[in-house]
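Grab a pencil and work through these exercises with the structure open beside you. Try each task yourself before you read the solution.

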Amino acid sequence: GWSRGPPDDAELWRERLVGLVADRYIVGLQNRFEESVAYFGRECGWSDLFVPHAKHNTTRPRDVDEALRAEILAHNWLDQELYQYFASRPIGAGG
């Protein structure tokens with residue numbers, strides 16, 4: 001199911017999601033893209049890395065109504081918390 005904001009069992013969902021992602025995936029962050037690509041290269045054994053610097057979807061609108069943005073974030077609270085968890089650590093630190 002889904003909820004607007006964390007439900008009563010939010011801590012259980014946090015533990016499950018962070019544990020799964022940290023244990024099974026290598027995680028990078030878009031706002032730390034170059035650092036993430038370098039980390040992926042080390043972890044996957046890639047020696048010849050190319051880091052693109054151009055946006056691919058240049059026609060996508062960048063402005064979002066603040067009320068709509070708040071509503072989206074409220075319904076995606078767990079995604080936001082997962083991002084905050086990994087953003088608060090060095091790339092590659094995991095769980």
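**Exercise 1. Which residues make a nonpolar surface patch of about 250 Å², and in which helix is L68 placed?**

Solution.
- Step 1: Pick out V64, L68 and I72, which make the patch in this predicted model.
- Step 2: Find L68 in helix α3, which covers residues 66–75.
- Step 3: Check how open L68 is. Its relative accessibility is 45%, and partly exposed runs from 20% to 50%, so L68 counts as partly exposed.

**Exercise 2. Which residues form the largest nonpolar core, and which helix supplies the largest share of this core?**

Solution.
- Step 1: List the members. The largest nonpolar core has nine residues: V18, V21, V27, L29, Y39, L82, Y85, F86 and I91.
- Step 2: Look at where they come from. Helices α1 (10–24) and α4 (77–87) each give at least two residues to this core.
- Step 3: Settle the share. With three residues, α4 supplies the largest part of this core.
- Step 4: Zoom in on one member, L82. Skipping residues up to four places away in sequence, L82 touches L17, V18 and V21.
- Step 5: Put it in context. In soluble globular proteins, nonpolar side chains tend to be buried together.

**Exercise 3. Which residues do salt bridges join with R14 into one network?**

Solution.
- Step 1: Start with the whole structure, where a search finds four salt bridges.
- Step 2: Take the pair E11 and R14. Their side chains meet in a salt bridge at 3.2 Å, N to O. Both residues sit in helix α1, three residues apart, which is about one turn of the helix.
- Step 3: Now follow R14 to another partner. R14 also has a salt bridge with E81, and the closest N and O atoms are 2.2 Å apart. This pair links distant parts of the chain: R14 belongs to helix α1 and E81 to helix α4, 67 residues apart.
- Step 4: Check the exposure of each residue. E11 is partly exposed because its relative accessibility is 43%. R14 is partly exposed too, with a relative accessible area of 24%, and E81 is partly exposed at 27%.
- Step 5: Join things up. Salt bridges with shared partners tie E11, R14 and E81 into one network.

As an extra, look at R32 and E35: their side chains meet in a salt bridge at 3.4 Å, N to O. E35 has a relative accessible area of 41%, so E35 is partly exposed.

**Exercise 4. Is S36 buried or exposed, and what is S36 in contact with?**

Solution.
- Step 1: Locate S36 in helix α2.
- Step 2: Read off its relative accessible area, 2%. Buried means under 20%, so S36 is buried.
- Step 3: Find its contacts. If you leave aside neighbours within four places in sequence, S36 is in contact with G28, L29 and I91.
- Step 4: Try F33, which also lies in helix α2. F33 counts as partly exposed because its relative accessibility is 37%. Leaving aside neighbours within four places in sequence, F33 is in contact with V51 and P52. The C-alpha atoms of F33 and P52 are separated by 9.6 Å, and the two residues are 19 residues apart along the chain.
- Step 5: Finish with A38, another residue found in helix α2. A38 is partly exposed, with a relative accessible area of 30%. A38 and F50 are twelve residues apart in sequence and 9.6 Å apart in space, C-alpha to C-alpha.

**Exercise 5. What does R4 touch, not counting residues up to four places away in sequence?**

Solution.
- Step 1: Go to the segment before α1, where R4 is found.
- Step 2: Judge its exposure. R4 has 53% relative accessibility, and exposed means over 50%, so R4 counts as exposed.
- Step 3: Name the contacts. R4 touches E71, A74 and H75, again not counting residues up to four places away in sequence.
- Step 4: Compare sequence with space. R4 and H75 are 71 residues apart along the chain, yet their C-alpha atoms are separated by 4.6 Å.

**Exercise 6. Which element of the chain has the lowest mean pLDDT, and which the highest?**

Solution.
- Step 1: Begin with the chain as a whole. Its mean pLDDT is 87, and 96% of its residues reach 70 or more.
- Step 2: Go by element. The lowest mean pLDDT belongs to α3 (90) and the highest to helix α2, residues 33–44 (93).
- Step 3: Keep a rule of reading in mind. Where pLDDT is low, the predicted coordinates should not be read in detail.

Key
Residues numbered from 1 in each chain as written. Predicted model: local features only at pLDDT ≥ 70, side-chain atom pairs only at ≥ 80, totals over all residues. Heavy atoms only, no water. Patch = residues over 30% accessible without salt bridge, like charges linked within 9 Å, V, L, I, M, F, W, Y side chains within 5 Å. Areas by Shrake-Rupley, 256 points an atom, 1.4 Å probe, with all protein chains shown as cover. Helix = DSSP H or I, 4+ residues; strand = E, 2+ residues; numbered from the N terminus. Buried < 20%, exposed > 50% of the residue type's maximum accessible area, 1.4 Å probe, protein only. Core = buried A, V, L, I, M, F, W, Y, C linked by side-chain atoms within 4.5 Å. Contact = heavy atoms within 4.5 Å. pLDDT = per-residue confidence, 0-100.
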